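Biologist: I have the chain open in front of me, and I'd love a close look at one part of it. Please pick a single spot, set it against the whole chain, and tell me how you define your terms.

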Amino acid sequence: MISLSRLIAYWAKQQGERIALRHESKTLTWNAFEARTNRLARAYAQLGVCQDSFVTVALPNGLEFFEVCFAIWKLGATPAPVSARLPAFERDQIVTLAAPALVVGAPIPEPDSPVAGIRHLAAGFEPDPSLSDEPLPEATATSLKVMTSGGSTGRPKLIVSALPSAVDPEQEILEFPRMGSVLIPGPLYHNGPFLWAMYGLFRGCQVTVTTRFDAQGTLALIESERVNLVYLVPTMMQRVWNLPDEQRLAHDLSSLSVLWHLAAPCPPWLKEAYIDWLGADVIWELYGGTEGQGRTVINGREWLDHRGSVGRPVPGCEFVIFDDDGGPCPPGQVGELYLRPETGQGSTYRYIGAEPREREGGWESLGDLGWMDEDGYLYLSDRLTDMVISGGANIYPAEVEAAIDACPGVRSSAVIGLPHEDLGQQIHAIVDCPDGGVDEPVLLEFLRSRLVTYKLPRSVEFVTEPLRDDAGKVRRKALREARLKK
């Protein structure tokens, strides 16, 4: 294991003039990456960043994001990424929770702001060129990262990793090649893109990031950068698949050996389409939470034998399905999913601003429903909090959304429950059709062949903007509240 304060230097000695980072037309070599982050770390130290400080990083995807994070790690401090587009009210809530030594990328707060006493640096900050770019003393943060998540109360919570900022750069992890080429087209303030980008650097790979996701642009980058591993979410996968064949098949993807997808359920038809297109050995899926209590992994070949599964728990963690009475569910029965690390509860993370949903025995829930088969493979049904009860029947929005998304002309969808005088709740579908080629009769006729009658939407609303963000997340609660206000 080596400290992340030494990681860039480790790879610079082996491939100093090779590109470490690419964003649009800008690149950074390993040697330049090492020198720039040494100088930047010294500037941050002068501003009060020290061992185990938190530093809020409010920067968009780009080279600066990585420079800032590694400068933080070089001081033994911890990066806490947030969206660069957060409104001040929400960002201030997060900063207040984190109490960081520094905020990088956000505007200077107003004097009456609750975070006015915290030092802020604008994006594009350049340290004094007189500061040394020589290596700093080795320092290792107690916490690798601090990520932000929504809380059950509607206020944000922080998920503080219990892992230190140290890695073994020669250890194989998640199929990442050694000194290969990795593409991350998702927002770096989300846990998945953040970790996959950093894993790429930990393994000495060139990491290419994009400002935002573009379907054809992603394929072009895989070809031009000879990408070996790409991180996608199902929304991205579908947008690529929806390209005309002459565009989707126009690029040389022969370098691609691993496609990871996670963060949201992948419709089985879409996954099978990618397996047929790129090969079963290329497609990999991971299920787990930012909390890191455990995860499942499955590749395309396994998936064909366990269609719809997200895999089996990896060594080092345990999964169990509990019923409403708190007893373990037999194979095939849907219940609430709980997990725990073998190292014990609290050994992988801690919350700031929230408490875990837990049961006796150190079991914790991420709020997902699912079931396991007799071979121990996990199948997810839906998020517990998103479940709709209509006429006494439990309806899982993810299932209905998967059917809607398969309809030609649909880019994305979100299904929510709205009040109904007789049924309690009714299924309302919000459907993103950018070209306007689908109407309600066509959609419902399409769905009748895929869903039992009681799962069909009773009302349909058409929109022309994406309903999931670039990280594949859909905010059903916010969509429901907006419609209830009307």
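Modeller: Happy to; I'll start with the whole chain and then settle on one residue, Leu-229.

This is a predicted model, in which local features need pLDDT of at least 70 and side-chain atom pairs count only at pLDDT 80 or more, while totals for chains, interfaces and linings use all residues. Residues are numbered from 1 along each chain as its sequence is written, and side-chain values use heavy atoms, with hydrogens and water left out.

The protein chain has 13 helices and 28 strands, both being DSSP runs numbered from the N terminus (helices are H or I, at least four residues; strands are E, at least two). Its radius of gyration, taken over C-alpha atoms, is 23 Å, close to the 23 Å from the globule rule for 486 residues, so the chain is as compact as a globular protein of that length. That rule is 2.2 Å times the number of residues to the power 0.38. Along the principal axes, the C-alpha atoms fill a box of roughly 70 × 50 × 45 Å.

Of the 486 residues, 56% are buried, where buried means under 20% relative accessible area with a 1.4 Å probe, protein chains only. Contact means heavy atoms within 4.5 Å; among contacts with a separation of 6 or more, 69% join residues 24 or more positions apart.

Now for our residue. Leu-229 lies in strand 13, which covers residues 229-232. Leu-229 has a relative accessible area of 0%, so it counts as buried. If we set aside neighbours within four places in sequence, its contacts include Leu-174, Glu-175, Phe-176 and Pro-177, along with Ser-181, Val-182 and Leu-183. Trp-196 is another partner, and Leu-256, Val-258 and Trp-260 complete the list. The last of these, Trp-260, is 31 residues away along the chain, and its C-alpha atom is 7.5 Å from that of Leu-229.

For a companion view, try Val-460 in strand 28 (residues 459-463). Val-460 is at 14% relative accessibility and therefore also counts as buried. Beyond four places in sequence, Val-460 is in contact with His-428, Ala-429, Val-431, Glu-440 and Leu-443. Pro-79 is 381 residues from Val-460 in sequence, and their C-alpha atoms are 42 Å apart.

Key. Buried < 20%, exposed > 50% of the residue type's maximum accessible area, 1.4 Å probe, protein only.
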